[in-house]
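Grab a pencil and work through these short exercises with the structure open beside you. Try each task before you peek at the solution.

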Amino acid sequence: MMNKAADAGANAVEARALTVVRGDRTVLRALNFTVGAGRITGLLGPSGCGKSTLMRAVVGTQAKVTGTLDVLGRPAGHPALRPRVGYVTQAPSVYSDLTVRQNLDYFAAVLRPGRAHRGARRDTVTRALQDVDLTSHADALAKHLSGGQLSRVSLAVALLGTPELLVLDEPTVGLDPVLRRDLWDLFHALAADRGTTLLVSSHVMDEAERCHRLLLMREGTVLADDSPDALRSRTGSETVEQAFLHLVDTAATRQENSR
Amino acid sequence: MSTGTPVADPARTLATAARVLRQLRHDPRTVALLLIVPALMITLLRYVFDGSPDTFDTIGASLLGIFPLITMFLVTSIATLRERTSGTLERLLAMPLGKGDLIAGYALAFGAVAVLQSLLATGLSVWVLGLDVVGSPWLLLLVALLDALLGTALGLFVSAFAASEFQAVQFMPAVIFPQLLLCGLFTPRDRMHLVLEAVSDVLPMSYAVDGMNQVLTRTEVTADFYRDILVVAGSALLVLFLGAATLRRRTV
């Protein structure tokens, strides 16, 4: 089940001069970047640098977006994109007073309504439960789950419609190392087997190594758009974290000099 | 474009209503309160007016219309506020769900609860507590259902202006109490100050209470009764549309 967009070189997301204003603050400043189809792109940077706003813009839930932002060949937020893009917010957005399966059943019915699809819905729910390894908790009330389990339910909801683009806002925050590894294995499997494009944000730099490509952000700008290897060799650093710090320092010096 | 999200789709609306009811089922205490409190209040009222059954008739009938409005207002405003704050609303609106699906889903689910609530309260009043209804008790039920929908609509609408549960609850006195005072429950509307009477003419609860009293005192279905239920239903629809306008797919 490969997506057409997954051809090598195609872009799932293309942004030119992307700017977002919230109140009187410019959160994203004229960003240019692309997200390659069928690949895992990591969005990294400190808290408050605009990662979530960028993701909300891509999903089409952010207001006051200017510039060009194309997602899967259409302007971001286009109604036709709603079934094709999966989005997981930082805070798990599921109904705490429903069981895991009831949550998934409902969102599956929103994606593919009607009696005729009942069988297909049951299959996608079963698969989503397996994907996030929660089959054994399917009948537990969401409010009785741990934080990590809850965020996996939220992820499972996003996997329901086999979206072509998955936008995940800090999906591994607060998870133990084993779960984090399992989730990253899942992300790679989604990209390799289902041709899914993933845009994953994190402020943990060691997760950067697991991405095909990185967007390093700071204060509403993109510092670098490169593969982890290229970033390290370009900056002469051993880790992505060092590369990031190096880039921040050069950007600061450049700013000083231009004053 | 065929790929766009329709404003409403019956299957998605029904799925939403079923989900809201399923949430309620996991909260038996709320269900019990919704069903039993109105019945208890009407029983209490019956014995408060033990010596003046006529007063019980008028106030009781009015309250049968007011209960569903107030309870559905509270329940809906909290439920939709939770939907906004938990992020599920943002998630749903990023999915192919029409705004109409969400609103109609809530209206259907809480409408169903209101039918049960009103059946219980009306049945108890008419057959046990001796509420003297000249018209058909089914019409009482109809008005009660429309009142419940109006409450759902108002709750949905005001939840857009509440940032927390604290604020949402405070909208109850702000939106409901003035209507309660002016609806003719405490004193006939034509005996109020002229300004207040004019204000009460444009408040939907006045018509809800008047509709109840029409059923209480007339055997036949009067023109006034039709006017009353049309005004209540029309207000409910209008406020539902206003509520839909507060659901934004893109937010700051």
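**Exercise 1.** Work out in which sense strand 3 and strand 9 of chain A pair, and over how many bridges.

*Solution.* Start by finding strand 3 at residues 40-44 and strand 9 at residues 213-218 of chain A. Keep in mind that you're looking at a predicted model. Next, follow both strands: they pair in the parallel sense, over four bridges. For a concrete spot, pick Thr41(A), which stands opposite Arg213(A) in strand 9 of chain A.

**Exercise 2.** Place these strands in their sheet and find its edge strands.

*Solution.* Step one: write down the strand order in chain A, 6-7-8-3-9-10, which makes an open sheet of six strands with mixed pairing. Step two: look for strands that pair on one side only, and you get strand 6 (85-88) and strand 10 (221-226) of chain A. Step three: check the twist, which averages 15 degrees from one strand to the next.

Now add a helix. Helix 1 (residues 51-59) of chain A lies across strands 3, 6, 7, 8 and 9 of chain A, and runs at about 155 degrees to strand 8 of chain A.

**Exercise 3.** Describe how the two domains of chain A touch.

*Solution.* First, split the chain: domain 1 covers 4-84 + 164-258, and domain 2 covers 92-162. Their C-alpha centres lie 26 Å apart. Then look at the contact, which takes nine residues from domain 1 and 10 residues from domain 2 of chain A. On the domain 1 side, helix 5 (residues 177-194) of chain A gives the most, with four residues. Finally, sort that side by class: six nonpolar, one polar and two charged residues.

Definitions and conventions. Residues numbered from 1 in each chain as written. Chains lettered and ligands numbered in written order. Predicted model: local features only at pLDDT ≥ 70, side-chain atom pairs only at ≥ 80, totals over all residues. Domains from an automatic or database assignment. Contact = placed C-beta atoms within 7 Å. Helix = DSSP H or I, 4+ residues; strand = E, 2+ residues; numbered from the N terminus. Nonpolar A, V, L, I, M, F, W, Y, C, P; charged D, E, K, R; others polar. Pairing = 2+ DSSP bridges. Axes fitted to C-alpha atoms, helices over the stretch in contact; angles between N-to-C directions.
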